[in-house]
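Good morning, and thank you for the time. I should like to present one helix and its surroundings, followed by one loop residue.

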Amino acid sequence: MAVPTLCIADGIYPTAFFYRNSVRRLTSVAHDRFTNPKFGIDGRLRNGPKVTATVNPYTYTEAAQPEERKSLTDFLVEARDFVRSDGGDGGPPRWFSPLECGARAPESPLLLYLPGIDGTGLGLIRQHKRLGEIFDIWCLHFPVTDRTPARDLVKLIERTVRSEYFRLPKRPIYIVGESIGACLALDVAASNPDIDLVLILANPVTRVNNFMLQPLSSLLEILPDGVPSFLEENFRFEQGYPFAAMFETMLNETDAAQIGGGLLGDLFATSVNLPTLARIFPKDTLLWKLQLLKSASASAKSHMYTVKAQTLILLSGRDQWLLNKEDIEKLHCTLPNCEVRKFENYGQLLFLEDGVDLVTIIKCTYYYRRGKLLDYVSDFILPTPFELKEYEESQRLLTAITSPVFLSTLDNGTVVRSLAGIPSEGPVLYVGNHMLLGTELRPAAIHFLKEKNILLRGLAHPVMFAKKYGSKLPDMHMFDSVRMIGAVPVSNINFYKLLRSKAHVVLYPGGVREALHRKGEVYKLFWPEHSEFVRTASKFGTKIIPFGVVGEDDLCEVVFDYNDQMKIPFLKNLIKELSQDSTYLRNGEEGEVGNQDLHMPGIVPKMPGRFYVYFGKPIYTEGREDELNDKEKAHEVYLQVKSEVERCMTYLKIKREGDPYRNILARSLYHFSHGFSSQVPTFDLRNQ
């Protein structure tokens with residue numbers, strides 16, 4: 001198995017590692033490799049998943065597979081070669097860049113990986129390939145014999161951070177740290193508040209449990225030296241040797257494999273791994289690492305109050321014998337810009353687990369940026385076909401129950417059951433009505449990608465992108481899929497940037513008031529009086545497509561609405577608290593249109609009907625910028641759009657009465673007869 005080529009950061013340590021492959025050094029030279037997904041001149045996707053003129057990568061999501069990644073075995077094999085290559089004295093800690101991460105991308109931020117207790121620097125081995133597409137990656141390696149104290153490690157990392165910040169001051173520097181590495185990252189951030197750092201901390205240890213540390217240290221003291229060579233030379237722990245099989249059986253029978261549980265247990269459960277683990281953790285090294293952990297965690301805890309960096313904390317749910325939950329909560333509360341994500345079914349070695357993709361996590365949390373501030377347009381990373389497949393799986397139940405029908409209008413006015421009437425060339429602005437809870441955009445986003453290779457960028461409420469600490473607003477992970485698929489916070493600047501980039505943008509003028517409507521308000525529009533979106537759209541020659549959506553009344557009914565909840569004191573207080581914790585929109589609007597209070601309507605399900613989405617004829621603004629810059633003219637177009645949305649809804653409400661498959665029972669029988677992948681017919685489109 002080939003070992004990845006390593007290179008040393010120039011100006012830090014001039015020595016280099018020599019492996020079976022050639023050595024490549026890190027330099028300041030930027031290479032012409034940049035995979036940031038952008039929109040082409042027609043508003044369709046470019047430079048994301050490879051797109052050709054005839055192949056849409058999102059069409060085949062059923063066959064989409066996760067990208068092949070290295071395994072735990074690869075980690076152990078390469079870690080063994082690292083240890084062997086360290087030689088006798090090992091030398092000082094040093095940076096290397098895995099060859100599989102590719103060459104440095106000129107616009108990509110730097111990512112520094114600080115390892116956990118293993119010290120190899122290979123903890124991201126399963127993530128290298130995808131991370132290398134969006135980051136310039138340097139990993140820190142601690143030779144087995146290295147005894148550099150925590151304060152000197154912090155100085156080493158600081159020198160690198162300051163050097164790179166001086167070279168590229170406008171780009172953030174990411175530091176990904178695990179356990180010990182997370183503590184070192186906090187110390188570096190505390191000492192460098194003037195540098196733009198983004199911390200991603202996996203299972204940070206801010207307090208070591210002496211109740212567990214002391215007995216473990218005592219046990220290590222009485223173990224003999226030379227365990228690695230003794231095991232390898234006398235017992236031949238290799239696959240196929242009798243003693244290996246016997247020892248593995250013994251481990252299983254005594255439940256020794258469950259010491260750590262999960263992936264950590266797997267490391268100790270397989271006898272073949274024992275010599276490698278013993279070489280990575282000889283007795284004196286493990287004793288030193290435990291003391292280093294204690295020193296680093298104490299320092300991080302004392303300095304965490306001065307950390308200003310944007311921070312994402314990733315917590316495993318199992319094997320947390322090092323984690324102190326009270327300190328994590330304190331850390332979350334102390335850091336000014338911090339988000340915590342929990343992974344209940346995963347163990348201590350989070351980045352080596354199946355199902356944990358750091359790039360996906362960064363994308364979902366919108367933690368990726370190339371400049372001082374996050375740009376929701378230029379910093380957005382396209383979903384891969386596999387991520388779309390997972391998103392589609394998460395929406396499968398809703399799609400199966402509602403069996404959406406998508407209609408569009410051709411230039412000659414003909415209504416067709418497809419997106420053939422949707423322009424491919426952007427920018428395009430889709431303006432429509434919100435159904436209850438805004439459920440209509442999710443299936444539409446999937447359909448647009450699969451049929452047209454068009455990514456819809458929905459303008460969503462800011463509550464989906466930020467949450468104050470201690471707020472009772474929903475956890476951010478509830479909105480991961482919405483952010484993954486391209487939603488951005490609604491704002492004038494984001495709207496302007498999206499149209500300028502020739503994107504396909506979805507706008508709901510009714511906002512929260514329409515999505516969280518009251519009893520008896522089905523399909524009622526709550527649009528503001530102003531018409532600014534028309535004037536902005538005209539600046540870029542945007543095609544405005546009105547659309548209507550119906551079907552929520554076929555799915556559920558509101559029985560406990562906002563008015564009912566405001567009559568109950570504790571619910572009234574809760575609604576006011578939630579609304580104050582979120583960003584208020586339309587402060588200048590009066591009446592019900594300006595009422596954007598957040599609450600959860602009480603609903604009861606019905607026998608499921610069907611969703612219908614109808615896109616009307618485009619309204620062209622190209623060449624009309626001067627005309628539509630006039631407020632009165634722009635308002636006329638605004639009223640035209642609103643009238644078209646109402647017409648689309650009326651059309652659907654009338655036509656669905658003639659749909660023989662409106663009821664879920666009829667659709668189920670059709671699926672049984674024609675296969676579950678078949679498209680269920682709808683009403684006759686010929687009589688329009």
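**Helix H4 and its surroundings**

In H4, 11 of the 12 residues are buried, so this helix is largely enclosed by the rest of the structure; buried means under 20% relative accessible area, with a 1.4 Å probe and protein chains only. Please note that this is a predicted model, in which local features need pLDDT of at least 70 and side-chain atom pairs count only at pLDDT 80 or more, while totals for chains, interfaces and linings use all residues. Residues are numbered from 1 along each chain as its sequence is written, and side-chain values use heavy atoms, with hydrogens and water left out.

Helices here are DSSP runs of H or I with at least four residues, strands are runs of E with at least two, and both are numbered from the N terminus. H4 covers residues 180–191 and reaches 17 Å from its first C-alpha to its last, close to the 16 Å expected at 1.5 Å a residue, that is, 1.5 Å times one less than its number of residues.

What do the buried residues of H4 pack against? Their partners include strand E4 (110–114), helix H3 (150–167) and helix H10 (283–303), where contact means heavy atoms within 4.5 Å. With H10, the residues of H4 that meet it include Ile 180, Leu 184 and Asp 187. The residues of this contact divide into 9 nonpolar (Ala, Val, Leu, Ile, Met, Phe, Trp, Tyr, Cys and Pro), 3 polar (the others, Gly among them) and 2 charged (Asp, Glu, Lys and Arg).

I turn finally to Asp 357, in the loop between strand E9 (338–343) and helix H12 (358–364). Asp 357 is buried, with a relative accessible area of 16%.

Methods. Buried means under 20% relative accessible area, exposed over 50%, partly exposed in between (1.4 Å probe, protein chains only).
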